[in-house]
Amino acid sequence: MNRRRFLGAAGGVAAVGWWSRRFVELSGAGPVLPQPPRASVANLTLRAAPGRAAVGSTSLDAWLYNGLLPGPTLRVQRGEPARIRLENQLPESTITHWHGLLVPEAADGHPRLAIDAGKTYEYAFTVDQPPGLSWYHPHTHLRTGYQVHRGLAGLIVIDDPANRTRGLPPAERELVLVIQDRTVMASGEVPYDLRGPAMMAGYFGDTILANGTPTPTQPVDAATYRLRILNGSASRIYKLGLTAPARMRIIGTDGGFLSAPVDAEEIMLAPAERLDLLVDFSASAGRQVSLETRPFTLPQGTFGPGGMGRGRDMMRGRQGDPGVIMHFDVGRTTERSAAVQLDARPTVPLPRGANERRFVFSSMMMDHTINGMSFDMERPDVRARAGAIERWTFVNDGPVPHPVHLHAAQFQVRTRTGGRNVVSPWETGWKDTVLVAPSEVVTVDVHFGPHPGLFLLHCHNLVHEDMGMMLNVALDPA
Ligand code: C2O
Ligand code: CU
Ligand code: CU
């Protein structure tokens with residue numbers, strides 16, 4: 001799309017777009033937060049195809065799983081076999097990755113497994129890991145960002161049979177929330193324009209969608225709710241907070257429960273990170289509470305996302321922009337919350353003599369590399385062993401943040417020096433994605449899953465990933 005048409009359609013953006021200055025209040029109560037329909041993985045057909053998705057007052061020209069934005073929420077029990085058939089009805093190749101699940105190589109969605117338009121791929125795996133929130137999205141060579149941007153993403157919940165005895169809210173007080181930013185044109189087009197500063201900082205849209213909906217309003221009781229949140233954005237980091245008295249307790253992250261709840265006022269959530277959150281609305285009966293993203297700046301090098309491109313392209317938001325994600329209309333029905341009993345995956349200390357590896361994430365001259373390397377589909381870059389425990393260090397020596405993600409493993413964050421200089425208490429739980437901001441050095445204890453094969457380490461800023469910030473991790477049999 002040329003620049004002129006892009007700006008020419010800007011008037012239409014105001015109808016649905018509302019970053020900061022362009023904020024337009026929807027009249028009356030907005031739509032509620034839609035909950036994607038659930039699907040079982042026992043015998044599932046997932047059809048990736050072009051479609052339309054209603055977004056506020058317009059409709060989006062999208063690519064969707066089973067016609068839905070986000071796709072169906074897959075609910076699975078631990079130990080349950082999954083049989084999923086991916087049908088590619090897109091005009092290009094694709095492959096689906098189950099982000100957060102420890103699955104065999106053939107089911108992990110490595111880009112070399114992509115199928116052509118019109119073809120199908122059969123996934124067979126057994127989910128064998130603790131309860132938690134994962135997600136699925138395309139992992140197509142050079143096209144992951146674009147395909148996710150067009151709408152291909154959905155959640156996976158590994159159900160917890162012990163929910164009731166943990167003191168967690170009942171199912172009717174559990175909400176899933178996928179946060180994504182997009183610039184939606186009045187025409188329904190969602191341009192993915194990566195020229196100029198976007199090649200460095202990534203894609204930023206001017207509208208935040210909550211489960212595909214701009215600023216929904218969810219009625220809630222003055223009670224405790226469980227919010228299971230995914231940052232499904234290409235590049236945008238959110239600093240989540242609530243506008244009125246309401247307590248946020250984090251009970252889990254990417255890989256499952258924490259060992260105990262952690263209270264938080266503000267939570268940074270980078271692309272691909274997940275949060276399992278209890279929100280107690282009892283102090284706000286009869287009021288409106290908004291979930292917002294607060295302004296922030298990250299330490300940066302000579303030209304960070306805050307400097308580079310600032311003011312240059314008014315069509316895009318920028319990293320650290322404030323905005324409202326959704327509202328909660330709190331009713332007057334109150335209910336005391338119960339004491340919460342979690343059980344985390346046990347921690348195993350780093351064995352003596354464990355392998356240590358160091359990965360330097362660099363962004364220079366519109367080039368994003370790990371240890372100086374760009375992704376090569378066939379070249380194994382790291383050799384490790386399935387089931388092994390290793391200490392990995394991620395170094396960011398450039399000006400832009402990198403949410404670092406590892407397949408086929410879960411890790412715990414041990415240290416963060418430089419930059420923000422702190423490990424948030426919830427980052428010590430089991431994770432598969434960690435934010436490494438400029439100047440930061442982050443160490444994690446990596447626990448590889450049981451499956452040998454060729455897996456991936458990459459930046460989950462999807463623009464960086466597609467530009468090659470990704471390595472192959474070859475796991476030898478245990
Ligand atoms: Cu969410 Cu390799 O990806
Ligand atoms: Cu993944
Ligand atoms: Cu990156």
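**Exercise 1. Where is proline 70 found?**

Start with the ground rules. This is a predicted model, where local features need pLDDT of at least 70, side-chain atom pairs count only at pLDDT 80 or more, and totals for chains, interfaces and linings use all residues. Residues are numbered from 1 along each chain as its sequence is written, chains are lettered from A and ligands numbered from 1 in the order in which they are written, and side-chain values use heavy atoms, leaving out hydrogens and water.

Step 1: look in the loop between β3 and β4 (73-77), and there is proline 70. Helices (H or I, at least four residues) and strands (E, at least two) are DSSP runs, numbered from the N terminus.

Step 2: check the bond leading into it. From leucine 69 to proline 70 the peptide bond is cis, with omega near -10 degrees.

Step 3: hop over to asparagine 371, in the loop between β23 (367-370) and β24 (380-385). Asparagine 371 isn't a glycine, yet its phi is positive, about 50 degrees. For background, most residues other than glycine have a negative phi, and most peptide bonds are trans.

**Exercise 2. Describe how domain 2 meets domain 3.**

Step 1: get the bounds, which come from an automatic or database domain assignment. The chain splits into domain 1 (24-159), domain 2 (171-334) and domain 3 (356-476).

Step 2: find the separation. Taken over C-alpha atoms, the centres of domain 2 and domain 3 are 23 Å apart. Domain 2 puts 37 residues into the contact and domain 3 puts in 28, contact meaning heavy atoms within 4.5 Å.

Step 3: work out the area. About 2500 Å² is buried between domain 2 and domain 3, with carbon and sulfur atoms giving 67%; buried area is the accessible area (1.4 Å probe) that two parts lose on being put together, summed over both. On the domain 2 side, Met199, Met200 and Pro299 lose the most area to domain 3, together 23% of what that side buries.

Step 4: count the charge pairs. There are three salt bridges between domain 2 and domain 3, a salt bridge being a side-chain nitrogen of Lys or Arg within 4 Å of a carboxyl oxygen of Asp or Glu.

**Exercise 3. Which protein donors does the copper ion (ligand 3) have?**

Step 1: list them. His402 (ND1), Cys459 (SG) and His464 (ND1) lie 2.0 to 2.1 Å from the copper ion. Donors are N, O and S atoms within 2.8 Å of the metal (3.2 Å for Na, K and Ca); water is not among the atoms, so sites may look incomplete.

Step 2: read off the spacing, H-x56-C-x4-H along the chain.

Step 3: place two of them. Histidine 402 sits in strand β26 (residues 402-406) and cysteine 459 in strand β30 (residues 453-459), so this pair ties together parts 57 residues apart in sequence.
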